[in-house]
Structures are given as structure tokens and as C-alpha cells.
Amino acid sequence: MMGPSHALSGAAVWLTGSWALDQFADYHQTPLALAVGTAVCAGGALFPDLDLSGKVTRNQGGATVARTFGVFSLFIAEVMEKISLGVYYTTKLSRDPRRNNGHRTLTHTIPFTLLVGWGTTALCAAYGKWAVVSILFFMIGLALRGLFDEWAERAGWVVVTLLSAAAAWFTFANLPGDRGYPLIGTAVGVGCFVHILGDMITKAGVPILWPIPIKRRMWTMVGLPNGIALRTGSKAETIVLRAALTVLSVLAAVGLVAPSVLHRFNIEV
């Protein structure tokens, strides 16, 4: 799927999950905590595509999300792509094909998702303020790039970077409670998993079963049959799927916010 679809799916899943927890588990979040979780999950839903590198010195190419912070994020994408390709060739079996890039390999697996979620939580718990601010800055930037793709393209990476930094600092300064914020790690991990599911409904598929060997292949691509799979960039994705995700996000957000608004104005339903 394309970047905006991934980001929107992350936001929709986090909002819907938060609504379900609110309704059935009596787990309430402040509006700011809800907004942070939604933004981080949307950013996390783009994170796996940082394995698609471009031309770093020219600030060109790569996945849309890889250009979020200009040459800096392109460099991160270059490193991640090379690591992914290295892991692919280190673990490949006889029937795995040769590859010239690492896209849709390591970062599109369950072990990577678990490692990122756990690592994010561990960093926040161990290093506190600066780890939290740094992770929020990075994930909010990815979310801005994905959710507001056309605007971000026009505004440029410098504007996106400055807005991300301001939003990260404001968020950290106003979030109450423990500075570990384990939900940040959960949101990143959930976002990465949602990304994998999104790519599974496209024709290319993802190696979600790695590292389980299947018929002398370690990197078996799993996805929907071509007859029903989405074509990346098709109207089914850019219009139908995004419309459904937008409606789901709005309904969940209204369901979360409406009760507190009604209570504030002493309105009973």
C-alpha cells in the first residue's frame, strides 16, 4: 500500500482499539494521550517502509516516508535497507530468489515488529525525557508525512521537521504521569503490525512467517490471491479503502470524545 493508506490504517486501528477498551474494559485516556497514541501508531504504520532507500546525496527517491526528514531520513533508510538485505542473504535458503535490495524483507516481519515495540518501551523507560521526546519527534514526523502527504510534499522536509519537534516537546511537557510511557512502545509496535497486514492484502505480499522455513524457502511471501489482492495506488486503495478507514476513524473518535463533551455541558443521552 501507499504511505497515506498505511498511516491512515494505523490511526484507524488505534482509535478503534481505544474506543473498544473504553467501552468494554473501562480504560480511559485523556484527549492528549489519545492524540499521541494515534499519531505514534500512524507513524509506526509507516516505519517498516524505511527499508526502501533512495539517493541520499541528491535527496531523491526512496519511499515517501524515507524523505520525511530529507537526507537524514534517507540515510536511515539506506542503512536499514542494507541491514535488511544482509539479513536476507544471511538467512536465505536454496529456493529464495536473489535480490538487489532489502525492501519488504526484515522490517516486514513479526520478529522485527516485536523488537521495535519492546525496544521503544525499553528506551523510554531507561532514558526518560530525551528518549520520549526523540521517539515522539520521529513518529509524529512520519505521521505528518503520511496523513498529510500532499501538504508535506509542498511544505518540504524542513517545515515537517520543525513542526514535529514542536509537537514532540509540547506533548512531552503536557503528558501527565510516569515518564516511561509504555503505551508509546505499544503504539509503535501496533503500527508496524498494521503495516504488515496492509501489505499482505496487496499482490506482492510480505514474509510474515519468517524465520520459519517452508519448502526450502525462508522468505516466503504471504498475501491474498492476485484475483482479490489490492493493486498499490489503485482506486480500490486510494478511494474505497481510504474512505472506509476515514469513516472508521471519525466514528471511533466521536465515540471517544462525545461522552465527555456531553457530560461537560450536563447533557444526558
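Trainee: Is the crossing in which α5 passes α7 left-handed or right-handed?

Mentor: A crossing is left-handed if the near helix is turned anticlockwise from the far one by less than a right angle, and right-handed if clockwise. Here α5 passes α7 in a right-handed crossing. Helix names follow DSSP runs (H or I, at least four residues; strands are E, at least two), numbered from the N terminus. Please note that this is a predicted model, in which local features need pLDDT of at least 70 and side-chain atom pairs count only at pLDDT 80 or more, while totals for chains, interfaces and linings use all residues. Residues are numbered from 1 along each chain as its sequence is written, and side-chain values use heavy atoms, with hydrogens and water left out.

Trainee: At what angle do α5 and α7 pack, and how far apart are their axes?

Mentor: Axes are lines fitted to C-alpha atoms, for helices over the stretch in contact, and angles run from 0 to 180 degrees between N-to-C directions. The axes of α5 and α7 are 8 Å apart, and the packing angle is about 135°. That angle makes α5 oblique to α7 (under 35 degrees is roughly parallel, over 145 roughly antiparallel, 65 to 115 roughly perpendicular, and the rest oblique).

Trainee: Which residues make this contact?

Mentor: Contact means heavy atoms within 4.5 Å. From α5 the participants include Trp130, Val133, Leu136, Phe137 and Ile140, and from α7 they include Leu163, Ala168, Trp169, Thr171 and Phe172. By class, the contact of α5 with α7 has 14 nonpolar, four polar and one charged residues (Ala, Val, Leu, Ile, Met, Phe, Trp, Tyr, Cys and Pro are nonpolar, Asp, Glu, Lys and Arg charged, and the others, Gly among them, polar).

Trainee: How do α1 and α8 cross, and what is the class make-up of their contact?

Mentor: Their axes come within 9 Å and cross at roughly 125°, which makes α1 oblique to α8. The crossing of α1 and α8 is right-handed. On the α1 side, His6, Ser9, Gly10, Val13 and Trp14 take part, and their partners in α8 include Leu183, Ala187, Val190 and His195. The contact of α1 with α8 comprises six nonpolar, six polar and one charged residues.

Trainee: How many residues form the largest nonpolar core, and which helix gives the most to it?

Mentor: A nonpolar core is a set of buried Ala, Val, Leu, Ile, Met, Phe, Trp, Tyr and Cys residues joined through side-chain atoms within 4.5 Å. The largest one has 45 residues, and Val40, Phe47, Leu50, Leu136 and Met139 have the most contacts inside it. Among the helices that each supply at least two residues are α1 (3-24), α2 (31-44), α5 (129-147), α7 (157-174) and α8 (182-200). The greatest share comes from α5, with ten residues. Setting aside residues up to four places away in sequence, Leu136 touches Val36, Val40, Ala168, Thr171, Phe172 and Ile184.

Trainee: Is Trp118 buried or exposed?

Mentor: Buried means under 20% relative accessible area, exposed over 50%, and partly exposed in between (1.4 Å probe, protein chains only). Trp118, in helix α4, counts as exposed because its relative accessibility is 61%.

Trainee: Which backbone features deserve attention at Asp26, Lys215 and Pro211?

Mentor: Most residues other than glycine have a negative phi, and most peptide bonds are trans. Asp26, in the loop between α1 and α2, has a positive phi of about 55° and is exposed at 57% relative accessibility. Lys215, in the loop between α8 and α9, has a positive phi of about 50° and is exposed at 68%. Pro211 lies in the loop between α8 and α9 (235-264), and a cis peptide bond with omega of about 10° joins Trp210 to Pro211.
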